[in-house]
Each structure stands twice: as C-alpha cells, then as structure tokens.
Amino acid sequence: MRALTWQGKRSVSVETVPDPQIQEPTDAIIKVTSSALCGSDLHLYEILAPFLDKGDVLGHEPMGIVQEVGAEVTHIKPGDRVVVPFNISCGSCFMCSQGLQTQCETTQNRDTGFGASLFGYTKLYGQVPGGQAEYLRVPQAHYGPVKVPDGVPDDRYLYLSDVLPTAWQAVAYADVAPGKSLVVLGLGPIGDMSVRIAQQLGVENVIGIDPVPERRARLAARGATVIDPTATDDVLQVVQELTGGRGADAVIDAVGMEAHGSSPEKAAQTMVGFLPDAVADKLMRKSGVDRLAALHLAMDLVRRGGTVSLSGVYGGSADPMPLLYMFDKQIQLRMGQANVKRWVDDILPFLGDDDPLGVDGFATHHVPLEEAPAAYEMFQEKTDGAVKVVFRP
Ligand SMILES: NC(=O)c1ccc[n+]([C@@H]2O[C@H](COP(=O)([O-])OP(=O)(O)OC[C@H]3O[C@@H](n4cnc5c(N)ncnc54)[C@H](O)[C@@H]3O)[C@@H](O)[C@H]2O)c1
Ligand SMILES: [Zn+2]
Ligand SMILES: [Zn+2]
C-alpha cells in the first residue's frame with residue numbers, strides 16, 4: 001500500500017510499504033477513505049524527531065471502511081463505515097472504565113513511561129503505524145472504532161477521530177458555562193473548534209487569539225471576538241477590557257510547542273533537533289527547552305481563581321511553568337490528550353444536517369495522499385489559507 005512516512009526532520013515522503021495484516025483477535029483492518037493532518041503531526045515533523053525512525057507511518061485522524069476483523073471484534077463488520085479514535089484503548093480496564101482512555105492500562109507504554117498508545121505518534125506512544133495510508137491496522141478494534149451512518153460526506157464524522165473530542169475536552173476542562181468568559185489561545189483546528197463548541201454550549205463571551213488573519217476571520221464570522229496578538233502591545237489589557245477588568249474565567253491553550261514568540265527557546269529546540277538522538281532525547285524530557293510563550297500568556301490572561309485548560313502539547317520538564325505565579329493566582333489547571341471515546345456520545349447530537357459546528361466546511365484543503373509532503377509544508381508554514389487538511393488516500 002501507499003503510506004506517508006517520516007524520513008527525517010521536516011522530511012516526509014509517500015512510499016510503498018507492506019499491507020497491514022490482522023495480528024490479534026482484537027484487530028481490524030480499515031480501508032482509509034479520509035485521514036486528516038493535525039497540529040500534533042507538526043511536532044513530529046520537527047521537534048519530536050528524536051523519537052521517530054525513518055519509515056514510520058504517520059497520521060492519527062482516519063476514517064474508512066472496515067475490510068476485515070479479528071475473531072473478538074463483534075460491534076463492527078466488513079463494509080461498515082467507521083471513524084478511528086487517535087488513542088488506542090481497551091474499553092474495560094480501570095482507566096478506561098472511568099473515561100480516562102488516554103491512560104488505558106492495557107496499552108500504556110510502561111517501557112517509556114507514557115500513557116496509552118497513539119496511532120502514528122512516536123516511540124513514546126508505542127510506535128504504532130498511523131493512518132495517513134491506504135490501509136490501517138486498528139488494535140483494540142473491539143472497542144475503538146465508532147460506527148457512523150452512510151449517506152453524508154466523510155467530513156461530517158471525520159473529526160470525531162481527534163479534533164471534536166479534543167476541543168470538547170478542552171471546553172469541558174475549562175469549566176465554562178453561559179455567563180462566563182473564555183479566551184482561546186491559538187485558532188488552529190483545535191482552538192477553532194473549541195470556540196465553536198463553547199458557543200454552542202451557550203458561552204457568549206468567547207475571545208479568540210491568533211496571529212494568522214484567516215484563522216481569526218473564520219471565527220469572527222461566527223460571532224467570536226478575535227484579537228491579533230501582533231497588532232497590540234498589550235493583549236492582557238485588551239482581554240481585561242473585555243472581561244470586566246479581571247481577566248477571563250477560563251483560558252484554553254490550543255497552541256502547544258509550535259508557539260510563535262519564544263525565540264530563545266525556539267533556538268534551543270531547533271538545536272535539539274540536530275543533536276544525536278540519545279542526547280536530544282534527554283534534553284527533550286529533562287530540560288527546559290520548551291516553547292512556552294503561549295502557556296505563559298494563558299497564565300496572564302486568566303483571572304485569579306480561574307481555570308487554564310491545556311490542549312496544546314508540550315515537551316520537556318524543567319521549569320515548564322511559572323509555578324510561583326500560578327500558585328499566587330490560585331489557578332486551576334487541567335490538561336491531557338483527549339479521551340476520545342468519553343466524549344463521542346456528547347458530540348454526536350451536534351453532527352446533524354443543520355451542522356451547527358460547521359464540520360462540513362471545516363477543512364480548507366482536500367488533497368490526494370500522494371501530495372501529502374507538500375501539504376505538510378503548507379500547513380506548517382500556514383500558506384494558502386491552510387487551516388485543516390484532509391488526505392484522500
Ligand atoms: N490534547 C490533545 O489530545 C490534542 C489533540 C490534537 C492536537 N493537540 C495539540 O493542540 C495544539 C493545536 O493543534 P492544531 O491542530 O490546532 O495546530 P496548529 O498548529 O494549526 O494551531 C496552533 C495555532 O496557534 C497559533 N499560535 C502560535 N503562537 C501563538 C501565540 N503565541 N499566541 C496565540 N496563538 C499562537 C498558530 O498561529 C496556529 O494557528 C497542538 O499543540 C497539538 O499538538 C492536542
Ligand atoms: Zn490530531
Ligand atoms: Zn483500557
């Protein structure tokens with residue numbers, strides 16, 4: 001089959017690789033019909049290079065048609081249309097049974113000290129071949145895949161794989177309600193969808209912040225207040241004026257470690273990408289080389305006693321946060337990869353024909369898998385108005 005493979009820092013290519021096979025009775029094989037590109041793939045593209053091997057197949061936002069199932073997979077059958085959650089979880093362990101599928105004790109990566117395995121997401125998370133490919137082997141398929149109806153375009157359901165549950169969890173963790181104020185930092189797919197979901201849940205004062213004009217425009221058109229952080233010297237003051245002088249009740253950081261505005265850290269992080277793997281591995285895990293501009297801004301913009309909900313992915317562990325300041329402001333902080341299956345039933349009512357979240361038109365680009373390398377470049381550089389790219393293998 002053809003698959004998008006990682007080849008090195010900022011280098012991916014479409015190669016012919018062996019077709020995936022059923023290996024366990026809980027596996028399924030899916031013929032991929034759509035597979036999206038995510039901000040998380042950008043971390044692999046560059047910063048997380050030490051944790052990838054040449055040839056690794058990327059991608060964790062797939063949907064398609066079931067081809068084959070193992071003996072223990074009974075809720076789906078060949079021919080069914082399914083969306084595949086980006087986390088791989090068993091559905092029945094201690095963690096899964098309380099809605100913490102990202103911590104699944106069946107697929108947890110104890111050797112690296114990380115949580116549940118993820119598709120196409122480094123050695124830290126099981127090095128499981130990803131879904132930017134013609135076919136995908138789905139482990140734990142007796143639980144993971146979500147069966148969806150036929151008769152509407154893929155885009156209606158595709159984002160159940162990651163964007164929708166991630167944004168839903170970000171909003172849930174932000175603990176907002178009608179009458180409260182919410183700042184969303186970063187208006188890529190995750191921040192964008194977080195704004196849409198908060199609005200649907202009745203939060204009126206939603207403020208989106210992103211330096212990219214077309215990303216702000218998508219949400220201004222849906223009634224959100226938007227701020228260009230490069231056009232004002234004092235984002236804090238602008239936000240305070242919009243929130244009764246106190247700061248926002250909650251801030252969602254949907255930026256992560258690609259943050260703009262962290263030059264010294266960026267230099268350090270770029271350097272890490274060029275170090276020998278063993279050294280870079282240590283630096284990434286232990287040292288404060290993170291790009292933290294957005295996270296620090298989140299701590300500024302939240303009011304005292306407010307909540308910061310972190311969905312952006314960060315690396316490193318030395319001084320990753322302004323703890324002194326967080327403690328003084330008594331901020332509540334919630335974070336983590338999205339527990340996809342936990343939120344699916346809450347989201348499905350919003351995926352009807354009236355399309356309140358605008359999922360049908362959410363993607364800016366649909367491209368053949370063969371054109372994936374150029375699409376990675378476009379998405380990283382944010383050219384051609386790219387916000388969400390969907391591959392059609
Ligand atoms: N928690 C999860 O389960 C989960 C799932 C998917 C993605 N993510 C993470 O969420 C983050 C966003 O993903 P995405 O797909 O939307 O990616 P993206 O890279 O398209 O979006 C990031 C946005 O942040 C903006 N930005 C950069 N610096 C900023 C700054 N200083 N202030 C304000 N905005 C700034 C960028 O212009 C961009 O629009 C990534 O870190 C990704 O890894 C987490
Ligand atoms: Zn993703
Ligand atoms: Zn489990």
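I began with the surroundings of ligand 1 and sorted its shell by class, which gave 17 nonpolar, 13 polar and 4 charged residues. I keep in mind throughout that this is a predicted model.

I then looked up which residues approach the ligand, and of the 34 residues around ligand 1 I noted G39, S40, G186, G188 and G256 as those that come nearest. Going through the helices, I found that α1, α4 (189-200) and α9 (293-301) each supply at least two residues of this shell, with α1 giving the largest share, 4 residues. At the level of domains, I recorded that at least three residues of the shell come from domain 1 (2-162 + 339-392) and at least three from domain 2 (164-335).

Next I turned to helix α12 (residues 372-381), where I listed A372, A375, Y376 and F379 as the buried residues. Looking down the axis of α12, I saw that these buried residues fall within an arc of 105°, and so they line one face of the helix. This agrees with the general rule that an α-helix has 3.6 residues a turn, so that residues three or four places apart point the same way. On the face turned away from the buried side of α12, I noted the exposed residues A374 and E381.

I also asked what the buried residues of α12 pack against. My list of partners holds the strands β1 (2-8), β2 (11-16), β3 (28-37), β14 (365-368) and β15 (389-392), together with the helix α1 (39-45), and α1 is also the helix I had entered above for its 4 residues in the shell around ligand 1.

Last, I checked the backbone just after α12, where K382 takes a positive phi of about 55°.

Methods. Residues are numbered from 1 along each chain as its sequence is written. Chains are lettered from A and ligands numbered from 1 in the order in which they are written. This is a predicted model: local features need pLDDT of at least 70, side-chain atom pairs count only at pLDDT 80 or more; totals for chains, interfaces and linings use all residues. A residue is buried if 20 or more other C-beta atoms lie within 10 Å of its own, exposed if 12 or fewer, and partly exposed in between; C-beta atoms are placed from the backbone. The arc is that of the directions from the helix axis to the C-beta atoms. Two residues are in contact if their C-beta atoms, placed from the backbone, lie within 7 Å. A residue is near a molecule or strand if its C-beta atom, placed from the backbone, lies within 6 Å of it. Ala, Val, Leu, Ile, Met, Phe, Trp, Tyr, Cys and Pro count as nonpolar, Asp, Glu, Lys and Arg as charged, and the others, Gly among them, as polar. Domain bounds come from an automatic or database domain assignment.
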